[in-house]
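I opened the notebook to record what I looked up in this structure, entry by entry. The entries follow the order in which I checked things.

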Amino acid sequence: MARILVVEDETRLAAAIRRGLEIEGYAVDVALDGVDGQWHAEQAAYDAIVLDIMLPGRDGFAVCANLRAASIWTPVLMLTARDAKKDEVRALDTGADDYLVKPFAFSVLLARLRALLRRGLKERPAVLQAGSLRLDPAAHRCHRGEVEVELTGREFAILEFLLRQSGDVVSKAAIMENVWDFAFEGDPNIVEVYIRRLRKKVDEPFGCHSIETVRGGGYRLAAGEPRT
Ligand code: CA
């Protein structure tokens, strides 16, 4: 039986989540503030944590960052407020595995939890890496080997998106949607311009070929180390 920690200060919502999860056969503990939530997560081995962001005592970002800093890799599903895109990004940057926007359907919470439990417990550092290319989204720093590479905000966002797809082919349209907002109606070829700039910064000076063009209109990030 999977054991879930719910950290949520809205008592009615916390009780509803607990009841729903228990009906599904999960064992559930509830913490009503961030300090108590972190204490629980450090004391007991949970299979997943549902973590609200706005909490008294210590917010969800801090709780998640503290757990990761303590090498506690329990999967975290963060609850974010509606229309807070920044919170979603920050949730992932602080080491959360997924987020759910409030208000949500309970069936969606269950589905996300099942997905997290399937993935299981493994070390997932918040730093993204492919070969000698490392990106630290929280600190907004990029390194190729020991060399720090300066990237603009947009370049960084594109590289981060490619890294998060871990070797899958990503279409220009997908990059547009994720890095620019949905309302952007520019020329998709702008993506090519940025890819060229990125290659000039993170690949060419180092003899690497990590950003691959895939025929049919996409890109893929590979380790792309220089041939020896
Ligand atoms: Ca709250």
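**Entry 1: around D87.** I began with the contacts of D87 and, leaving out residues up to four places away in sequence, found that D87 touches I53, F61 and T80. I note here that I am working with a predicted model, so what I write down is a reading of computed coordinates. D87 sits in helix α4, which covers residues 85-93, and its relative accessible area of 21% makes it partly exposed. That figure lies just on the partly exposed side, because buried is reserved for values under 20%. I also looked up one distant pair: D87 and V191 are 104 residues apart along the chain, and their C-alpha atoms are separated by 25 Å.

**Entry 2: V63.** Next I turned to helix α3, residues 60-69, where V63 lies. Is V63 buried or exposed? With a relative accessible area of 2%, V63 is buried. Setting aside its neighbours within four places in sequence, I listed G34, Q38, L51 and R58 as the residues in contact with V63. I53, which I had already met as a contact of D87, is 10 residues from V63 in sequence, and the two C-alpha atoms are 9.0 Å apart.

**Entry 3: the calcium ion.** Which residues coordinate the calcium ion? I find D9 and D52, each through OD, and M54 through its O atom, at 2.1 to 2.3 Å. Written along the sequence, the spacing of these donor residues is D-x42-D-x1-M. D9 belongs to the loop between β1 (3-7) and α1 (11-23), while D52 belongs to strand β3 (residues 48-52), so the pair ties together parts that are 43 residues apart in sequence. I then compared how the two aspartates are covered: D9 is partly exposed, at a relative accessible area of 29%, whereas D52 is buried, at 3%.

**Entry 4: strands β4 and β5.** I followed strand β4 (residues 76-80) to its pairing with β5, which is parallel and runs over 4 bridges. One bridge I noted joins L77 to its partner D98 in β5. Strand β5 itself, residues 98-101, has D98 and L100 on a covered face, and Y99 and V101 on an uncovered one. In the loop between β5 and α5 (106-119) I came to P103, and the peptide bond leading into it from K102 is cis, with omega near -10°.

**Entry 5: S71.** In the loop between α3 and β4 I stopped at S71, since its phi is near 60°, a positive value in a residue other than glycine. Its relative accessibility is 49%, which counts as partly exposed.

**Entry 6: strands β6 to β8.** Strand β6 (residues 128-130) runs antiparallel to β7, and 3 bridges join them, among them the one between A130 and L133. The two strands form a hairpin with 2 residues between them, and in its turn G131 has a positive phi of about 60°. I then followed β7 onward to strand β8 (residues 141-144), where the pairing is again antiparallel and runs over 4 bridges. There D136 has R141 as a bridge partner. This second hairpin has 4 residues between its strands, and H140 takes a positive phi near 55°. What lies on each face of β7, residues 133-136? I noted L133 and L135 on the covered face, and R134 and D136 on the uncovered one.

**Entry 7: the protein as a whole.** I closed with the overall figures. The secondary structure amounts to 8 helices and 12 strands, and the C-alpha atoms fill a box of roughly 55 × 40 × 30 Å along the principal axes. Of the 228 residues, 43% count as buried. Among contacts between residues at least 6 apart in sequence, I find that 54% join residues at least 24 apart. The accessible surface is about 12100 Å², with 51% of it belonging to carbon and sulfur atoms. For the charges, I noted 31 positive and 35 negative, whose mean positions are 4 Å apart.

Terms used. Residues are numbered from 1 along each chain as its sequence is written. This is a predicted model: local features need pLDDT of at least 70, side-chain atom pairs count only at pLDDT 80 or more; totals for chains, interfaces and linings use all residues. Side-chain values use heavy atoms; hydrogens and water are left out. Donors are N, O and S atoms within 2.8 Å of the metal (3.2 Å for Na, K and Ca); water is not among the atoms, so sites may look incomplete. Buried means under 20% relative accessible area, exposed over 50%, partly exposed in between (1.4 Å probe, protein chains only). Contact means heavy atoms within 4.5 Å. Accessible areas come from the Shrake-Rupley method with a 1.4 Å probe; for residues, only the protein chains shown count as cover. Lys and Arg count as positive and Asp and Glu as negative; His and the chain ends are not counted. The place of a charge is taken as NZ of Lys, CZ of Arg, CG of Asp or CD of Glu. Two strands pair if DSSP finds at least two bridges between them.
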